[in-house]
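Grab a pencil and have a go at these exercises. Each one comes with a worked solution that you can follow step by step.

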Amino acid sequence: MKKVLIGVALVFFLLNLTGTAIAAGAEIWAKKCALCHGKDGKGTTPMCQKLKCRDLTNPKVQEAFTDDQAAKGINEGVKDSSGKIVMPPFKEKLTAEEVKEIVKFLRTLKGK
Ligand code: HEC
């Protein structure tokens, strides 16, 4: 009986860890990314209309980049086809761990 309880506690602990990571990602998103991409990621803000963001909730858009590519874009910034910086780099502002958490959160927006 004790073993079962420990097992159950462990599962809840692990679930809670991933839940916390997504919550942290959501918080950073709201603070640093929603300004352009919008809280929902659809990119309908005036900033994003000017900068021509894609709709990050669109599964096709999400499939266009891997987690690594998304992390690279967040770290190093994104340029348009003429080389103009359209999204600033966040490498100085976020830790590698935070970037991972944001990418995890980003994936939860898919199809919403
Ligand atoms: C100044 C406005 C602005 C801010 C702030 C901003 N972005 Fe972007 N982002 C853009 C634009 C513009 C693009 C390029 C068009 C597109 O891919 O939608 C882009 C592209 C992306 C992409 C696609 C990258 C790829 O490889 O194609 C991801 C992922 C992304 N942003 C995530 C984020 C995250 C996470 C944050 C917050 C840490 C953030 N953005 C903050 C404007 C912004």
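**Exercise 1.** In this predicted model, find which element gives the largest share of the shell around the ligand.

*Solution.* Start with the elements that each supply at least two residues of that shell: H1, H4, S2 and H5. Next, look at who gives the largest share: that is H1, with five residues. Now sort the shell by class, and you get 15 nonpolar, two polar and three charged residues.

**Exercise 2.** Work out which residues come nearest to the ligand, and look for polar contacts to His37 and Arg54.

*Solution.* First, there are 20 residues around the ligand, and the ones that come nearest are Cys33, Cys36, His37, Arg54 and Met87. Second, take His37: an N or O atom in its side chain is 2.7 Å from a nitrogen atom of the ligand. Third, take Arg54: here a polar backbone atom is 2.6 Å from an oxygen atom of the ligand. Finally, check both against the cut-off, which is that a polar contact is a pair of N or O atoms within 3.5 Å. The 2.7 Å pair at His37 passes, and so does the 2.6 Å pair at Arg54.

**Exercise 3.** Say where the ligand sits, then describe the lining of that pocket.

*Solution.* The ligand sits in the largest pocket. That pocket has a volume of about 720 Å³. It is lined by 27 residues, and those closest to its centre are His37, Arg54, Leu56, Val78 and Met87. Next, go through the elements: helix H1 (2-37), helix H2 (46-51), helix H4 (67-76), strand S1 (78-79), strand S2 (85-87) and helix H5 (96-108) each bring at least two residues to the lining. H1 gives the most, with six residues. Last, sort by class: the lining has 19 nonpolar, three polar and five charged residues.

**Exercise 4.** Count the aromatic pairs, and decide whether the pair of Trp29 and Phe105 is stacked, tilted or edge-to-face.

*Solution.* The count comes to one aromatic pair. Its partners are Trp29 and Phe105, at 5.9 Å centre to centre with 50° between the planes. Under 30 degrees would be stacked and over 60 edge-to-face, so 50° makes this pair tilted. Now place the partners on the chain: Trp29 is in helix H1 and Phe105 in helix H5, 76 residues apart, so the pair links distant parts of the chain.

Technical notes
Residues are numbered from 1 along each chain as its sequence is written. This is a predicted model: local features need pLDDT of at least 70, side-chain atom pairs count only at pLDDT 80 or more; totals for chains, interfaces and linings use all residues. Side-chain values use heavy atoms; hydrogens and water are left out. On a 1 Å grid over the protein atoms alone, a cavity is a set of points where a 1.4 Å probe fits but cannot get out, and a pocket is an open set with protein on both sides within 12 Å along at least five of seven lines; lining residues have an atom within 4 Å of a point. Grid points are joined across faces, edges and corners, and a volume is the space filled by probe spheres set on the points. Helices (H or I, at least four residues) and strands (E, at least two) are DSSP runs, numbered from the N terminus. Ala, Val, Leu, Ile, Met, Phe, Trp, Tyr, Cys and Pro count as nonpolar, Asp, Glu, Lys and Arg as charged, and the others, Gly among them, as polar. A residue is near a molecule or strand if one of its heavy atoms lies within 4 Å of it. A polar contact is a pair of N or O atoms within 3.5 Å; within protein, one must be able to donate a hydrogen and the other to accept it, and residues adjacent in sequence count only if both atoms are side-chain atoms. A molecule sits in a cavity or pocket if more than half of its atoms lie within 2 Å of its grid points. Rings of Phe, Tyr and Trp (its six-membered ring) pair if their centres lie within 6.5 Å; planes under 30 degrees apart count as stacked, over 60 as edge-to-face and the rest as tilted.
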